[in-house]
Amino acid sequence: MPQLPLSSEFAHRNAIQAKPFVKWVGGKRSLLPELMRRVPTEFNNYYEPFVGGGALFFALNNDAAIMGGGGVFLSDINADLIKTYQVIQRDPEPLVIKLREHAARHCKDFYYDIRGQHHLDDCVEIAARFIYLNKTCFNGLWRVNSRGEFNVPMGSYTNPAICQPEVLRACHVALRHVDVRLRDFRKLDAAEGDFVYFDPPYQPLNATSSFTSYAKGSFGEREQTALRDLCLELHQQGARVMVSNSDTEFIRGLYSNAVFRFHEVRAPRMVNCKAHARGAVSELIITTY
Ligand SMILES: C[S@@+](CC[C@H](N)C(=O)[O-])C[C@H]1O[C@@H](n2cnc3c(N)ncnc32)[C@H](O)[C@@H]1O
């Protein structure tokens with residue numbers, strides 16, 4: 001059973017707090033105050049099965065008063081993302097060196113050269129490619145083709161933050177005793193007293209405006225329904241569950257069981273290529289408590 005990290009002590013000493021090491025579509029940094037205020041005051045283990053950039057995990061980790069003494073279990077279905085977490089968890093220094101090299105060589109040709117390296121074996125190379133592409137690609141998207149190959153074009157940033165050693169080191173400390181796994185959200189073994197935060201790919205507001213693809217395969221109504229069923233099961237087992245999703249009729253209908261409470265919140269919507277279509281939208285935080 002993993003022990004909780006003591007990273008808030010480290011973070012205060014070093015003035016850098018752990019935070020997401022990637023820009024992640026659907027990342028929850030802007031919703032953090034709304035999420036934090038709804039986290040139960042006490043729980044045993046913490047589970048985040050759609051971890052992505054891990055905004056809530058890192059924020060909770062920086063607040064020793066919220067995180068109790070239980071284990072932390074983070075997972076996601078994106079293999080490169082999880083390998084990157086594991087590299088940072090083990091030792092961030094080889095990754096820092098590789099990212100410095102990538103940053104020094106960054107240009108259009110280098111971007112497409114790295115983008116074409118779909119079958120790397122070395123974990124540090126995979127993690128460096130993942131972070132480099134995330135920081136330099138268009139809008140920080142992670143989109144893959146039917147063969148699972150990353151295919152986002154280069155973005156146009158003047159000075160992308162490719163290598164952030166202090167952030168990686170703070171994340172390393174935060175992740176030291178955490179269980180990080182590649183797995184589907186359905187493979188979850190939370191139990192009574194545990195807290196689970198689900199941040200799935202959102203149900204699209206309409207067919208073209210939203211981005212829901214983070215890995216090969218899609219997240220449609222069948223997956224949203226399976227997630228709702230899992231929430232009910234976990235509730236029956238005595239775990240507390242918080243879910244975020246878009247505010248649509250489908251999601252409201254799906255979670256209409258009296259077990260669920262709806263909290264409407266406003267969130268900036270970033271992933272839209274048309275500037276006029278960005279702005280605040282209503283989202284739902286759904287809790288079983
Ligand atoms: C909305 S994002 C999570 C964002 C995260 N909360 C953050 O702050 O960055 C949804 C995540 O779900 C993951 N995902 C998609 N389908 C999944 C599945 N079937 N099982 C587990 N994770 C999945 C994606 O890879 C993506 O990282």
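**View 1. Phenylalanine 219 sits in the loop between β4 (195–198) and α9 (221–236) of this predicted model**. Helices and strands here are DSSP runs (H or I over at least four residues for a helix, E over at least two for a strand), numbered from the N terminus. Phenylalanine 219 is buried, with a relative accessible area of 12%; buried means under 20%, exposed over 50% and partly exposed in between, with a 1.4 Å probe and protein chains only. Look for proline 201 too: it is 18 residues from phenylalanine 219 in sequence, yet their C-alpha atoms are 6.6 Å apart.

**View 2. Helix α6 (residues 108–115) has its buried residues on one face**. Phe110, Tyr111 and Ile114 are the ones tucked away. Seen down the axis of α6, the buried residues fall within an arc of 105°, so they line one face of the helix; the arc is that of the directions from the helix axis to the C-beta atoms. They pack against α5 (93–105) and α7 (123–136), where contact means heavy atoms within 4.5 Å. On the other side of α6, Lys108 and Asp109 are exposed.

**View 3. The ligand is surrounded by 23 residues**. The closest are Trp24, Gly53, Asp76, Asp184 and Asp199; a residue counts as near if one of its heavy atoms lies within 4 Å. By type, the shell splits into eleven nonpolar, six polar and six charged residues. For that tally, Ala, Val, Leu, Ile, Met, Phe, Trp, Tyr, Cys and Pro are nonpolar, Asp, Glu, Lys and Arg are charged, and the others, Gly among them, are polar.

**View 4. Polar contacts reach the ligand from aspartate 76, alanine 55 and isoleucine 77**. A polar contact here is a pair of N or O atoms within 3.5 Å. The side chain of aspartate 76 puts an N or O atom 2.6 Å from a ligand oxygen. Alanine 55 uses a backbone N or O atom, 3.3 Å from an oxygen atom of the ligand. For isoleucine 77, a polar backbone atom is 3.4 Å from a ligand nitrogen. On its own the ligand has 610 Å² of accessible area, and the protein covers 96% of that (Shrake-Rupley method, 1.4 Å probe).

**Notes for all views.** Residues are numbered from 1 along each chain as its sequence is written, and side-chain values use heavy atoms, leaving out hydrogens and water. As the model is predicted, local features need pLDDT of at least 70 and side-chain atom pairs count only at pLDDT 80 or more, while totals for chains, interfaces and linings use all residues.

Methods:
A polar contact is a pair of N or O atoms within 3.5 Å; within protein, one must be able to donate a hydrogen and the other to accept it, and residues adjacent in sequence count only if both atoms are side-chain atoms.
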